[in-house]
Amino acid sequence: MNLHEFQAKQVLSKAGFPILAGHVAETPDQAADAFTKLGGPLAVVKSQIHAGGRGKGTVYEKDLKTVRLQGGVKLAKSADEAKQLAERILGYPLVTKQSGPKGRIVRRVYVEAGCDIDRELYLGIVLDRKAGKPCLMASKQGGMEIEEVAARDPKAILKEHFDIALGIQGYQSRRIAFGLELKGDTFKQFVKLAPALCRMYVERDCSLLEINPLVVTKQGAIVALDGKIGIDDRAIEMKKQPELEAMRDIGEEDPIEYEATSYGLNYVSMEGNIGCMVNGAGLAMATMDIIKQAGGAPANFLDVGGGANKDQVKKAFKLLLANPEVKALFINIFGGILRCDVLAQGIVDAVKEVDVKIPIVVRLEGTNVEIGREILKNSGLKIIPAADMGEGARKVIEAAGLKR
């Protein structure tokens, strides 16, 4: 689960990190009021969507062809200008490098006080799975995509791993501060803030915690000018972070993915037109690969899991059919805990409840496979059987009428 920038800053502020004054606005008039409350002489109107690169993005008309505004983060020098900018942003799609070609509809802006910037730095924490520990990363090249910095100059990324129980140590914070060339009171501020950020990462069950840019003002103060926080989905499911869960913005999430979560299913939307239903993440990835290899494009990742029941299978089937781009379905099941007969009956029940007008290719193998095949064969439904994954991929592409 991701947080908006203004929400991330609320969490950072509670952890002791300095932020600038700001107000959320959902209408142009509210944006003007926010500017007035801040007292000028200038403010920044920031689009709030769950995607990076907002400042370099483009706000389009709803047809996604006509440009309304270049940049989703704009400077305002008056309340009227803040209102005008909000009018050009709110309710329209903002397309960035991370939003996808359809962009994200901007439903709110964050009107934030200006800042007297001297330097822009980068500071973030991610889990290093190879090391088995979180890693605090920093760079003197803030305000840029960290991936671009790492690709161009790997040595520009400073890294310190830390234990989740012990936190980052003082010498590590100082080593990062020296690497960032901080001095005097700014150095002392950083050495205090770095451990607080690491504690927050652990205590809030973060999957990502990023401040980019982390700025040093001309007065030597450290300020989080932007904030990005991702929360581990498992922590949300286990109700470990109720305060953060209350910040969840369903409007920023794929509606099918959100619905799948409520069913206990693992679903990720993709850009293709072959719907996939598989049990097991490894098999799901292999299925998508073999569809691509055969010349098709998967429309989704859908893992119904090893313990799915008949009702979950029916719901999974309906999720696939809810995507209008899907031209055919490939159901690839290796029955173990999830028996083939349970899956087959779920398919039959779902097809009978929904008006299915697209081809369905099914490959079954494993526990009770013969019973499952008989259920499908005797159902009276037009289901295309496949002996193996390769055959299933070829058949589903042919059935969909797609060129190979």
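Hi everyone, this is a short talk about two helix pairs and the cysteines in this structure.

What we have is a predicted model, where local features need pLDDT of at least 70, side-chain atom pairs count only at pLDDT 80 or more, and totals for chains, interfaces and linings use all residues. Residues are numbered from 1 along each chain as its sequence is written, and side-chain values use heavy atoms, with hydrogens and water left out.

Let's start with helix 5, residues 170-179, and helix 6, residues 184-203: their axes come within 9 Å and cross at roughly 135°. That makes helix 5 oblique to helix 6 (angles under 35 degrees count as roughly parallel, over 145 as roughly antiparallel, 65 to 115 as roughly perpendicular and the rest as oblique). Who meets whom? On the helix 5 side we have S173, R174, I176, A177 and F178, and they meet F187, F190, V191, A194 and P195 of helix 6, contact being heavy atoms within 4.5 Å. By class, that contact has eight nonpolar, one polar and one charged residues.

Now for helix 2, residues 28-38, and helix 3, residues 79-89, whose axes come within 8 Å and cross at roughly 145°. Here P28, D29, A31, A32, F35 and T36 of helix 2 meet A79, A82, K83, A86 and E87 of helix 3. The residues there divide into seven nonpolar, one polar and three charged.

Finally, how many disulfides does a search of the whole structure find? Zero, with a disulfide meaning a pair of cysteine sulfur atoms within 2.5 Å. The sulfur of C276 is 18 Å from the closest cysteine sulfur, in C340, so it is too far for a bond. C276 counts as buried at 2% relative accessibility, and C340 counts as buried at 0% (buried is under 20% relative accessible area, exposed over 50%, partly exposed in between, with a 1.4 Å probe and protein chains only).

Terms used. Axes fitted to C-alpha atoms, helices over the stretch in contact; angles between N-to-C directions. Helix = DSSP H or I, 4+ residues; strand = E, 2+ residues; numbered from the N terminus. Nonpolar A, V, L, I, M, F, W, Y, C, P; charged D, E, K, R; others polar.
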